[in-house]
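Here is a quick tour for someone meeting this structure for the first time. Have a look at it, and then we can walk through it piece by piece.

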Amino acid sequence: MAYEFERTQRIAVLGGGPGGYEAALAAAQLGAEVTLIERAGVGGSAVLTDVVPSKSLIATAEASNAVKEAADLGVQFYAKGESEKAVKPKVAINLAAVNKRLLGLAAQQSEDMRSNLIEAGVHLVQGEGRLDGANAVIVSTSKGGTDFDRIEADTLVISVGATPRVLPTAVPDGERILTWTQLYHLQQIPEHLIVVGSGVTGAEFASAYRALGAKVTLISSRDQVLPGEDADAAAVIEKVFTRNGMKVMNKSRAESVVRDGDSVVATLTDGREVRGSHCLMAVGSVPNTQGIGLEEAGVQLTESGHIRVNRVARTSMPNIYAAGDCTTFLPLASVASMQGRTAVFHAMGDVVNPPENRNITSNIFTQPEIATVGWTQKEIEEGVVPGTVYKLPLASNPRAKMMGIRDGFVKLFASAGSGAIIGGVIVAPKASELIFPLALAVEHRLTVDQFAEAFPVYPSLSGSLTDAARAMHVVR
């Protein structure tokens, strides 16, 4: 008697960033035959040149600030041999050592992820990949592009990420004019760092390098830094920036940035010039989707080159999925990971709970941080969704007083009828940790009264969340 066995589903993943990594891992756990193609290293740019190293740099900046501000808490420093004479600490940053550490952390994280994939049974191929129709990927496995592998698959997952946008009038040279991926090769703190672009990336690096001791000028084309964020939150960050000595140039657009010996000159559209030692170009990113056979395979792209996907990360081709910054979904590492898992679950017939944009938390790692989830105050004010807003300054929080926190707030948004929490904003140190309870509330439609029933630790920063919820009590 002859027996027929169902063939294991073959899945090829192009790109090993957060989306590709999670897709490969989930597919292997579900029993698929998985091949992951990555040109730089598992983790992709998110781990090697973006999220992991940048947040490691920011952690150093936070430590530097903590030392500088310790005197406000009564911690005194003494000069050697002068035990009775308190001095104001001068913090020195060894940037070469900092960058060596953060790149080492990134490499270790990449290796840990690689080990996880191998242990799960994923076949890893290092090289440049491109689609060969809708059911195969061709990989160049040699530097000269003379050796190729052709990998056939039933399902393809594209997670090729994005790279910094380069303006023709401000071309990075890797020494004085830099993208954020090139900052980690600096050996010394820039004497004067010009940051072009006041979005998330520009604001984060401007905040970090100012804390590390660099003179910083932030050039923003909009009325305020972080133009796409909550207006109150952006106002707090801009106030902190200027109080800390940063020069913020709003309503100013850089027309060109050129190198002039050991300095750089940024020329604005109104003719003004800003001279500094280095310039960081933080003017967005472009998806790595050109020249990899997507359109030839029938995958639809937007005018900007992003891959069109639906809520389950499926493209215009039924067997091709996409995840991460190369898609039309939110460009967050956490979102890419969720997209990767969702794509594989859908492709393999598992239960799928598509991510809902409104329930996704995001964070900006300035000092203080900004964390958000759900509907925005602007949408409430414009009548897109009926809701009420309550804002509670952190200055009223007892733990904040103990910690010397001067800036920040908690803001909750609730449905005008039911009192269900539909969004929130937190501006505080480690807001990225404080936002999770609000994310759960938004996800599960908890009312302000239900949320307020929880017992926060006293004293704690999280106590401001329940205080705000109690203030929004809905009378029945």
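Is Lys251 buried or exposed? Lys251 counts as exposed, because its relative accessibility is 62%. Keep in mind that this is a predicted model. Lys251 sits in the loop between β14 and β15 (254–260), and its phi is near 50°, a positive value in a residue that isn't glycine.

Ala313 makes a nice partner for that example. Its phi is near 70°, again positive in a residue other than glycine, and its place is the loop between β19 (285–287) and β20 (320–322). Ala313, though, counts as buried, because its relative accessibility is 1% and the cut-off for buried is under 20%.

**The whole chain**

Let's step back. The chain holds 13 helices and 25 strands. Its radius of gyration is 25 Å, close to the 23 Å that the globule rule gives for 476 residues, so the chain is as compact as a globular protein of that length. Along the principal axes, the C-alpha atoms fill a box of roughly 90 × 70 × 50 Å. Of the 476 residues, 49% are buried. If you take contacts between residues at least 6 apart in sequence, 61% of them join residues at least 24 apart. The accessible surface is about 23000 Å², and carbon and sulfur atoms own 50% of that.

**The cores**

Which residues have the most contacts inside the largest nonpolar core? They are Leu57, Phe205, Tyr209 and Ile370, in a core of 43 residues. The elements that each supply at least two of its residues include the helices α3 (51–68), α4 (95–120), α5 (200–211) and α6 (231–243). Strands do so too, among them β12 (192–196), β13 (215–219), β24 (409–415) and β25 (421–428). Leu57 gives a feel for how this core is knitted together: beyond its neighbours within four places in sequence, Leu57 is in contact with Leu95, Val98, Asn99, Leu102, Phe205, Tyr209 and Leu212. Apart from this core lies another one, of 27 residues, including Val373, Ile435, Val442 and Val448.

**Two helices up close**

Two of the helices that feed the largest core, α4 and α6, are set side by side here.

| Helix | Residues | Expected span | Distance between end C-alpha atoms |
|---|---|---|---|
| α4 | 26 residues | 38 Å | 37 Å |
| α6 | 13 residues | 18 Å | 18 Å |

For α4, the expected span agrees with the distance between the ends, and for α6 the two values agree as well.

Start with α4. Its buried residues are Leu95, Val98, Asn99, Leu102, Ala106, Ser110, Met113 and Leu117. Those residues pack against α1 (18–29), β2 (33–38), α2 (44–48), α3, β5 (123–126) and α5. Just after α4 comes Gly121, with a positive phi of about 95°.

Met113 is worth a closer look. At a relative accessible area of 8%, Met113 is buried. Leaving out residues up to four places away in sequence, Met113 is in contact with Tyr21, Val42, Gly43 and Val47. Asp149 is 36 residues away from Met113 in sequence, and their C-alpha atoms are 23 Å apart.

Now for α6. Its buried residues are Ala233, Ala234, Val236, Ile237, Glu238, Val240 and Phe241. Their cover includes α5, β13, β14 (247–249), β22 (369–374), β24 and β25. What caps the N-terminal end of α6? Asp230 does, with a side-chain oxygen 3.1 Å from the backbone nitrogen of Asp232. After α6 you meet Gly245, whose phi is positive, near 100°.

**A threonine and two prolines**

Thr342 belongs to helix α7 (residues 333–347). With 4% relative accessibility, Thr342 counts as buried. A polar atom of its side chain lies 2.8 Å from the backbone oxygen of Met338. Setting aside residues up to four places away in sequence, Thr342 touches Arg311, Val312, Val352 and Pro355.

Finally, two cis peptide bonds. Gln367 and Pro368 are joined by one, with omega about 0°, and Pro368 is in the loop between β21 (362–364) and β22. The bond from Tyr458 to Pro459 is also cis, with omega near -5°. Pro459 is in the loop between α12 (448–452) and α13 (463–471).

Terms used. Residues numbered from 1 in each chain as written. Predicted model: local features only at pLDDT ≥ 70, side-chain atom pairs only at ≥ 80, totals over all residues. Heavy atoms only, no water. Core = buried A, V, L, I, M, F, W, Y, C linked by side-chain atoms within 4.5 Å. Buried < 20%, exposed > 50% of the residue type's maximum accessible area, 1.4 Å probe, protein only. Helix = DSSP H or I, 4+ residues; strand = E, 2+ residues; numbered from the N terminus. Contact = heavy atoms within 4.5 Å. Expected span 1.5 Å × (residues − 1). Polar contact = N/O pair within 3.5 Å; in protein donor to acceptor, adjacent residues only side chain to side chain. Rg over C-alpha atoms; globule rule 2.2 N^0.38 Å. Areas by Shrake-Rupley, 256 points an atom, 1.4 Å probe, with all protein chains shown as cover.
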